[in-house]
Amino acid sequence: MSHAIVSLHQVSKGFNDGDKYHQVLAGINLSINPADTVALTGPSGSGKSTLLNIIGGFEFIKQGQLLLNGSDTANWQDKQWSQFRRQHLGVVFQQFNLLTPLNVRDNIAFSLRLNQQAWSPWCDYLLSQLGLDEVKSRNVETLSGGQQQRVAIARALAHKPSLLLADEPTGNLDEKAGKQVMALLTQLAQESQTSILMVTHSNECAAFMQRRWHLEQGLIHE
Ligand code: ADP
Ligand code: MG
């Protein structure tokens, strides 16, 4: 039996804002299947990052159901969450979040070690496809923004996760670098059979994904 990688049923989420409650997600239903690539758009503050944070287990829900690989996360403890992240999840954010005292190769190797995995030929392939071979011994601080985001992509895909969560991954790049990063991200995710859920403001970036979701007033419109 094959499962959706992610499914949400009637998921609501809000935050206390002083003495008021601010509802952000209002009964979301969605699923992401293997090999799906999804662009998520929506106004600023509509809850796009909150949705990604819920799926990655960085925020928790009290209403609704979140299933990951067919397993209900309601009773997951830290152990199950870290196992899911180690084996199945890659993340790329707008800020590259690299370890600045380290070089390119060590940034990826460090993250692999956290995921309890070893360097593999796939990692060398990622470096070469992402145009990072020449700079792999350089401190990441000395690289351009586009190069740093490509390091973040290599790091996110190094363990061939089943799901990549990307939150405005090209938000800090100029248009040319952004498009280049998108093309590589899409190609490599396809090769590692990684599904993508990507927040973006750019129609050009969204065009790289097969599906489009728009989040507005707490609901998703496909
Ligand atoms: P988007 O990514 O679409 O711009 P966010 O998911 O970041 O939107 O935020 C949605 C709303 O939820 C915003 O009003 C934001 O202020 C609020 N919010 C998000 N995270 C928190 C939090 N941890 N505590 C309180 N409010 C939050
Ligand atoms: Mg956001």
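In the predicted model, Arg105 lies over the face of Trp119, at a distance of 3.9 Å from the centre of the ring. A second arrangement of this kind involves a lysine: the charged end of Lys160 is placed over the ring of Trp122, 4.7 Å from the ring centre.

Contacts between aromatic rings were examined next. A pair of aromatic rings is described by two quantities, the distance of the centres and the angle of the planes. Across the whole structure, the search returned five aromatic pairs. One of these pairs is formed by Trp76 and Trp81, whose ring centres lie 5.0 Å apart, with 70 degrees between the planes, an edge-to-face arrangement. Trp81 also pairs with Phe84; here the centres are 6.4 Å apart and the planes stand at 90 degrees, so this pair is likewise described as edge-to-face, given that an angle over 60 degrees places a pair in that class.

The positions of these residues along the chain add to the picture. Both Trp81 and Phe84 belong to helix H2, which covers residues 78–88, and they are separated by three residues, or about one turn of the helix. Phe60, Trp76, Trp81 and Phe84 together make up one aromatic cluster.

The accessibility of three members of the cluster was then considered. Trp76 has a relative accessibility of 16% and therefore counts as buried, the cut-off for this class being under 20%. Trp81 is also buried, its relative accessible area being 4%. For Phe84 the relative accessible area is 4%, so this residue is buried as well.

A nonpolar patch is found on the surface. Leu99, Phe110 and Leu114 make up this patch, which has an area of about 260 Å². Leu114 is located in helix H3, a helix made of residues 104–114. The relative accessible area of Leu114 is 56%, and the residue is therefore classed as exposed, since the exposed class begins over 50%.

Finally, the cysteines were considered. The search of the whole structure found zero disulfides. Cys123 is buried, because its relative accessible area is 2%. Cys205, with a relative accessibility of 6%, also counts as buried.

Notes:
Residues are numbered from 1 along each chain as its sequence is written. Chains are lettered from A and ligands numbered from 1 in the order in which they are written. This is a predicted model: local features need pLDDT of at least 70, side-chain atom pairs count only at pLDDT 80 or more; totals for chains, interfaces and linings use all residues. Side-chain values use heavy atoms; hydrogens and water are left out. Patches are made of residues with over 30% relative accessible area and no salt bridge: like charges are joined within 9 Å, nonpolar side chains (Val, Leu, Ile, Met, Phe, Trp, Tyr) within 5 Å. Accessible areas come from the Shrake-Rupley method with a 1.4 Å probe; for residues, only the protein chains shown count as cover. A salt bridge is a side-chain nitrogen of Lys or Arg within 4 Å of a carboxyl oxygen of Asp or Glu. Helices (H or I, at least four residues) and strands (E, at least two) are DSSP runs, numbered from the N terminus. Buried means under 20% relative accessible area, exposed over 50%, partly exposed in between (1.4 Å probe, protein chains only). Rings of Phe, Tyr and Trp (its six-membered ring) pair if their centres lie within 6.5 Å; planes under 30 degrees apart count as stacked, over 60 as edge-to-face and the rest as tilted. A charge sits over a ring if NZ of Lys or CZ of Arg is within 6 Å of the ring centre and within 35 degrees of the ring normal. A disulfide is a pair of cysteine sulfur atoms within 2.5 Å.
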